[in-house]
Amino acid sequence: MEIRDLFELENDKTFQQLNQQVNSFNTLKILRLENHEIRHSNILAWLLNPKENHSLGDYFLRKMIEHLVLIDENGSNSRYESIGKILNHSLIESHVYREVRTDKNRFIDLLIVNPKLKYIFLIENKLYSTESKNQLNDYLNFIQCEFTDFEVIPIYLTLDGEEPSNNEYFIQTYERVEMILDTILMLYKDQLSDNVYKFIEDYNQILKEKFYPNQDQIFQAVDIYRNHKQTIDELVGQMALENKQLKMELGYQFEFKMKYKNTIDYIYNHGQNILSYSFEQFIHQQFNGEVLYNAHPTTPYLLPPEWEAISKIPLREPNYWLGKGLITWFEQSNDRRLRLIAEIGPMEYFRRLILLEQLEKLGFKIRQDSKLEKARYTRFFSEKMDVNKWDDMAELTQVMMDLYNSPEFTLLRKQIAAILNNRNPVENEVSQLLKTDTIDRTNMVHIAFKKWMESKNIPENHYRVSSRLLSFKIPLFDAFKEKLGETREKWWWDNGPFLFWMRLDPPDSLYFTLEIGPIEIDKRVQLMESIKERGIKFNKKGLRQEAKFTHIHTETISIKGLNESEIIEKFNALYGNKKLQNILEKLQIIYEETFSKLE
């Protein structure tokens, strides 16, 4: 590493911007609060207690209860009606308790008791740990036995709304906590003491960074890492060695590392993890987290649930991947596509040979040396898909979903499962038929869409094509974007207030949507009110402050058996739909009469 490399990194504008953000002063960061679940519970206990010295009264407690109503999944809870009744009263006489010991020597994280209204809120807080066996049942049974004449409202607080094992529990998320804190910082700035305001501000920042990472900062880290990968890698290696040996040096290079240590660590940890973040989203969407996996930064991997029977076969190398004889993973290929790979590992030789021979009978090409006893790893499946934007988590996640659920890999999972469970696998001719028909149909739709975009004089940078998703924008959308600004979080590839998108759904249908994204809250509410006044119909949830995505037009059509020119005609029919054109005319009027005047 030359001194010039450090100069180039230090004078990178994005690096300096990220450095300023990463090193903003935060008392709670110094205390390492974000890494300890119990400290989050302590802060929540303080905020939830109406009698504490934060001067918020019962505001935080009331908002936490209100958000239980706002979470759709809670609508079917048998205690749902009780929430509304409780909110009709003052909550100021509530008392908050921490670490309440049960009869089974377990500890309830938070207990909120109101003896006047005869209610109890039981909160189980899960950040890093997972639910223990019968934990939620035991907590609820204990409180119901101890407080027989009280209404008990059990709450399961997690990062992403994880479903509790006991359906009597309400779902609550840290995203909602962060939303409430944001509102407090906006509304109570002049009413809170400087110390209290700063504390809440620091805690809110902890939640945003730790549990809901700033997407812009992650993308900055990705860009910096790609542009200065060798320099960052060398600096991280040197810092690790110096910390281990307590080694100190004189000179610019050592001072550079000391000055930018936190930023370099942030770039290294996040800059190479875009694949990992997307993989986590894929795991959540595909399996709801219930699968054996590892979100490795460059090769995230999992064991498909259908292959669980592989656990019965001993491994010759127990440290192989997840400790199983089969594995599948994602990686970026040399041509910048996303690749899905499946591999047989170093299993017990006799069972490994049987599996390889069965795959060979199904038409998979297996090298002869893979059948030797000394052979350890055999890749038997590989498939790639295009990725338009490698810094777009939503797109990467979708491509992972498409690869994993492709007809080829879906059939393969079933074939492997049949072999492992001593059943007859599906014949390979079916696989080939599915593969040919599906790939040809998808490519035809992509080509037809691009030709249609050209016929509409829509430039290439105003549309995207990726796997099953097609999207585009029109000049009116850019006009709104100029006045309303970008969305408050990364949304598709344009971050504008409106977008057309289509999804290719099996078997052979197109789902067409005009959607409004998560623009700044007050501007979004104003826009939705204007749209409502013009008679454009949408879900009433779109008027809520917390709303992010709202469909104002949808249509599904079949393209089964159509050729390329016929598919183009279908695109014309979708866009030329009288109802849609009426909506676009009304949006034009809304823009001219209301939003064109905004500064």
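Colleague: How many bridges join strand β4 to β5?

Modeller: This is a predicted model. Strand β4 covers residues 151-158 and runs parallel to β5. One pairing puts T158 opposite T173 in β5. The bridges joining β4 to β5 number 4.

Colleague: Which residues of β5 are buried on each of its faces?

Modeller: Strand β5 covers residues 170-173, and both of its faces are covered. F170 and Q172 lie on one side. On the other side, the buried residues are I171 and T173.

Colleague: Is T183 buried, partly exposed or exposed?

Modeller: T183 sits in helix α8, residues 174-187. Its relative accessible area is 26%. Buried needs under 20% and exposed needs over 50%. T183 is therefore partly exposed.

Colleague: How far apart in space are T183 and K63, C-alpha to C-alpha?

Modeller: In sequence, T183 and K63 are 120 residues apart. T183 belongs to helix α8. From C-alpha to C-alpha, the distance between T183 and K63 is 10.0 Å.

Colleague: Why is strand β13 largely enclosed by the rest of the structure?

Modeller: Strand β13 covers residues 498-505. The cut-off for buried is under 20% relative accessible area. β13 is largely enclosed because its buried residues are 7 of the 8.

Colleague: Which strand is joined to β13 by 8 bridges?

Modeller: β12, residues 469-472, runs antiparallel to β13 and is joined to it by 4 bridges. There, L469 has R503 of β13 as its bridge partner. Another antiparallel pairing places L499 opposite E515. The strand joined to β13 by 8 bridges is β14, residues 509-516.

Colleague: Is H553 buried or exposed?

Modeller: H553 lies in strand β15, residues 550-558. Its contacts beyond four places in sequence are F512, T513, L514, N577, K579, L580 and I583. Relative accessibility is 4%, so H553 counts as buried.

Colleague: Which helix gives the most to the largest nonpolar core?

Modeller: The largest nonpolar core holds 70 residues. F282, W307, L326, F330, L338, F380 and I416 touch the most other members. With 7 residues, the helix that gives the most to this core is α16, residues 393-404.

Colleague: How many residues are in the other core?

Modeller: This other core lies apart from the largest one. Its members include F449, A479, L504 and I536. The number of residues in it is 46.

Colleague: What is the relative accessible area of W307?

Modeller: W307 is found in the loop between β7 and β8. Among its contacts are L326, F380, F409, L412, I416 and L420. W307 is buried, and its relative accessible area is 0%.

Colleague: What distance separates the C-alpha atoms of W307 and L420?

Modeller: Along the chain, W307 and L420 are 113 residues apart. L420 is nevertheless one of the residues that W307 touches. L326 also touches both W307 and L420, along with L303, I310, E343, I344, L355, F380 and I416. The C-alpha atoms of W307 and L420 are separated by 7.4 Å.

Colleague: Where is W321, with its positive phi?

Modeller: Phi of W321 is near 40°, and the residue is not glycine. At 28% relative accessibility, W321 counts as partly exposed. W321 is in the loop between β7 (301-303) and β8 (326-332).

Colleague: What is the phi of N105?

Modeller: N105 is found in the loop between β1 (95-101) and β2 (107-114). Its phi is positive, in a residue other than glycine. The value for N105 is near 60°.

Colleague: Which residues form a nonpolar patch on the surface with Y252?

Modeller: Y252 is found in helix α12, residues 252-259. At 31% relative accessibility, Y252 counts as partly exposed. The patch has about 260 Å² of accessible area together. With Y252, the residues forming it are I3 and F7.

Colleague: What share of the protein's accessible surface belongs to carbon and sulfur atoms?

Modeller: The protein has 22 helices and 15 strands. Of its 599 residues, 50% count as buried. The accessible surface comes to about 30,300 Å². The share belonging to carbon and sulfur atoms is 48%.

How values were computed
Residues are numbered from 1 along each chain as its sequence is written. This is a predicted model: local features need pLDDT of at least 70, side-chain atom pairs count only at pLDDT 80 or more; totals for chains, interfaces and linings use all residues. Side-chain values use heavy atoms; hydrogens and water are left out. A nonpolar core is a set of buried Ala, Val, Leu, Ile, Met, Phe, Trp, Tyr and Cys residues joined through side-chain atoms within 4.5 Å. Buried means under 20% relative accessible area, exposed over 50%, partly exposed in between (1.4 Å probe, protein chains only). Helices (H or I, at least four residues) and strands (E, at least two) are DSSP runs, numbered from the N terminus. Contact means heavy atoms within 4.5 Å. Patches are made of residues with over 30% relative accessible area and no salt bridge: like charges are joined within 9 Å, nonpolar side chains (Val, Leu, Ile, Met, Phe, Trp, Tyr) within 5 Å. Accessible areas come from the Shrake-Rupley method with a 1.4 Å probe; for residues, only the protein chains shown count as cover. A salt bridge is a side-chain nitrogen of Lys or Arg within 4 Å of a carboxyl oxygen of Asp or Glu. Two strands pair if DSSP finds at least two bridges between them.
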